[in-house]
Each structure stands twice: as C-alpha cells, then as structure tokens.
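Trainee: I am new to this structure and would be grateful for a close look at a single part of it. Please choose one place, describe its surroundings, and then set it within the whole.

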Amino acid sequence: MEEAADTQLSIQVLLSNLVGLFLLIGVGYAAVRGGLLPLSSTGVLTSLLLKVALPATIFTSMIRPFDPSFAWDALTIVVVSTVLFFLYAAISAGLVRVFRVPAGRQGVWMLGATFCNNGFMGFPVAYALFGDEGLALAVMLGIPFNLLMYSLGASQVSLDRCAGGEKERLSVKQVLFSAVNGSILLGLIFYGAQIPVPEVIFTPLEQLANITTPLSMLITGMSLAGSPLSSLFRDRDAITCVLTRLIVLPLLTWALLLPLPISNPLITCVILIIMAMPSAAVVTAMAQRYGSCQELAARIVCLSSLLCMVTLPLIALLL
C-alpha cells in the first residue's frame, strides 16, 4: 500500500513538472503571437541563455560537499552515461538516413534524439523518485551531459550549417572553448579542491541560474510562434525524432543496463529515468546559435515534452 502511494505521488510530481513546462512554452508562444516580443528577439535571448544563465547553472550545481563514499557511484554513473551518449549519437547518425531526414535538418534531429532534458525535468523527478542520493547522482550525470552537449552536440547541430554550401562547420576551437565548457571546468576545479565560494558571489550566480529553465522554455515557445501550431503533428522528422528519443533509446538503455554488474541499483534507476526524458530544452537555443533549423528544434522539444506524459510513466514501470 505504501509503495503504491509513493508511486502515485511520484507520477503526480512528474505530471506537475510537465504542466509547468508547457505553461512556460505557452508564455513564449503567446508573447510573440500577441505582439509583445518580436520573433527576432530569440537570438538575443539565446545568447543570454548560453553565455550567462546556463554557465551559472552548471557552476552552482557543482558547488557541493565532497563525499568520499559517493565517489565510486559518481564515477560509475559518469562513465556509463558517457558511453550511452556516444552510443545514442552513433545510432541517431544512422537513423537520419533510415528515416531519410533531409539535409539542413539532420544535425538538429540527431541533437534532439541524443540529448535528454536532464535539468528541468530530470533533477526534480530524480529527487521525487529517489530522494537526495538520487538527485546527487542525477547531478553527476549532468557532467558528461554538459561536456558532450556543447561539444559533441554542437558538432552534430553544426552539420546543418553547411547544408546549403554557404556556411562552414564549426572549428574544434569554437566547439570546445565556450562559456558553458568553461563553467564545467571551473566547477570541477572548485568541487575537487573544495574551494569555498563567498555568499556574496554565490547568491547572484544562483539567481542567474534560476532563469535558465524559464528562459529555455520561453525561447522554445517563441520559436514555435513562427509557424502554425498544427504543423507540430504534421512534421514527419519531428515525429520520428521524438519516437526515437522517448521509446527506442530508453528501451535500448534498459536492455543494456540489465546485465551490467552495477553494485548500487539506484544508479541503474537514475540513468534509466533520466535517459527517458524528452529532448533537452536547450536544443532550440542550440539550433538558433549554430544556424540549424530552429523551427524543427522547437517542434521536437514541444512534442517530446507532450508525449512523455505517456511514455515516462510506462518506462518508470521498468524500474
């Protein structure tokens, strides 16, 4: 009876986060449709997100006490999730050909399929399902996510830049030396050395971090306003990407994790639930930043966030 009550509470928390996600997307959509903001302002907001708010989020999430007993579990989840992200990237590179995704859309398709929404939805859901330890493991999974999203992911989405033959792909320097990757490195240094951050500095950084989620959702909603909402369900590329992200890859993850000799079963649970999340909210911002199809990115984020209300509870039953 108690287990059933806990499951019901977890589903309620999950659905509550999903509703909040769509409300924020709706605000961005209405702001553009109602003439409060121009569609062109997504460029400025994207720069604010990727160069200021997101780096603050990454850095503050890594300022935590060092726990030696937690080190092995953290290393395990980092290694396993890193392998999974590379595997997802390889699979998505093959599936764009299977699904005949046209040039100019392949990069953002791969990005949307490979990377999940581990921050806005992953962290609160992990906490609701697994408590403090689950949240700490989810934060550790965020390390390879952030490292790869803005390096491997940037390389994926930049493929669309040269689809028309007018733009060159990003250089290694452009991919690696970014504000986001700099914040990851700085955060690792502060965490490993346990360098204290004065409250007068940490508080404004935390306040900047708090705008990351609503800003990502606003950008997504604003991008959707550029085309009729009904097109969300008529875009074949968006549908195939979302089905890959929400069904194919989570089931593959479950099959791969089962035989692994992972001592702490909580690691398996956290990885599976995080990897079953919808496409990362920042996919839209990445598409805008690197010259890919922003419209497709917004559709992928919105559609995957909608359909995960059905798929996430089903995947949770596998735990």
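**Aspartate 235 and its surroundings**

Mentor: Aspartate 235 has a relative accessibility of 6% and therefore counts as buried, a word used for residues under 20% relative accessible area, whereas exposed means over 50% and partly exposed lies in between (1.4 Å probe, protein chains only). The model is a predicted one, in which local features need pLDDT of at least 70 and side-chain atom pairs count only at pLDDT 80 or more, while totals for chains, interfaces and linings use all residues. Residues are numbered from 1 along each chain as its sequence is written, and side-chain values use heavy atoms, with hydrogens and water left out.

Let us begin with the charged partners of this residue. Aspartate 235 and arginine 105 form a salt bridge, their closest N and O atoms being 3.0 Å apart; the term requires a side-chain nitrogen of Lys or Arg within 4 Å of a carboxyl oxygen of Asp or Glu. This pair links distant parts of the chain, 130 residues apart: arginine 105 belongs to the loop between helix H3 (71-98) and H4, and aspartate 235 to the loop between helix H10 (212-224) and H11. Helices are DSSP runs of H or I with at least four residues, strands are runs of E with at least two, and both are numbered from the N terminus. Arginine 105 is itself buried, with a relative accessible area of 16%.

A further salt bridge joins the side chains of aspartate 235 and arginine 299, with 2.6 Å from N to O. Because arginine 299 lies in helix H14 and aspartate 235 in the loop between H10 and H11, this pair ties together parts that are 64 residues apart in sequence. Arginine 299 counts as buried, at 8% relative accessibility.

Arginine 299 in turn forms a salt bridge with glutamate 295, where the closest N and O atoms are 3.1 Å apart. These two residues are 4 apart in helix H14, so about one helical turn separates them. In general, an α-helix has 3.6 residues a turn, so residues three or four places apart point the same way. Glutamate 295, at 30% relative accessibility, counts as partly exposed. Through shared partners, salt bridges join Arg105, Asp235, Arg236, Asp237, Glu295 and Arg299 into one network. The structure holds 5 salt bridges.

From the network we may turn to helix H11 (residues 236-257), where threonine 240 is found. Threonine 240 is buried, at 11% relative accessibility. A polar atom of its side chain lies 3.0 Å from the backbone oxygen of aspartate 237, a member of the network just described. The side chain of threonine 240 also makes a polar contact of 3.0 Å with the side chain of tryptophan 109; such a contact is a pair of N or O atoms within 3.5 Å, and within protein one must be able to donate a hydrogen and the other to accept it, with residues adjacent in sequence counting only if both atoms are side-chain atoms. Leaving aside neighbours within four places in sequence, threonine 240 is in contact (heavy atoms within 4.5 Å) with Phe99 and Trp109.

Tryptophan 109 leads to helix H4 (residues 106-114), which is largely enclosed by the rest of the structure because 8 of its 9 residues are buried. The buried residues of H4 are Gly107, Val108, Trp109, Met110, Leu111, Gly112, Ala113 and Thr114.

Finally, the whole. The protein has 14 helices and 0 strands. Buried residues make up 51% of its 319 residues. Of the contacts between residues at least 6 apart in sequence, 87% join residues at least 24 apart. The accessible surface, taken from the Shrake-Rupley method with a 1.4 Å probe and with only the protein chains shown counting as cover for residues, comes to about 14,100 Å², of which 68% belongs to carbon and sulfur atoms. A search for disulfides, meaning pairs of cysteine sulfur atoms within 2.5 Å, finds 0 in the whole structure. Cysteine 241 is buried at 0% relative accessibility, and cysteine 269 is buried with a relative accessible area of 19%.
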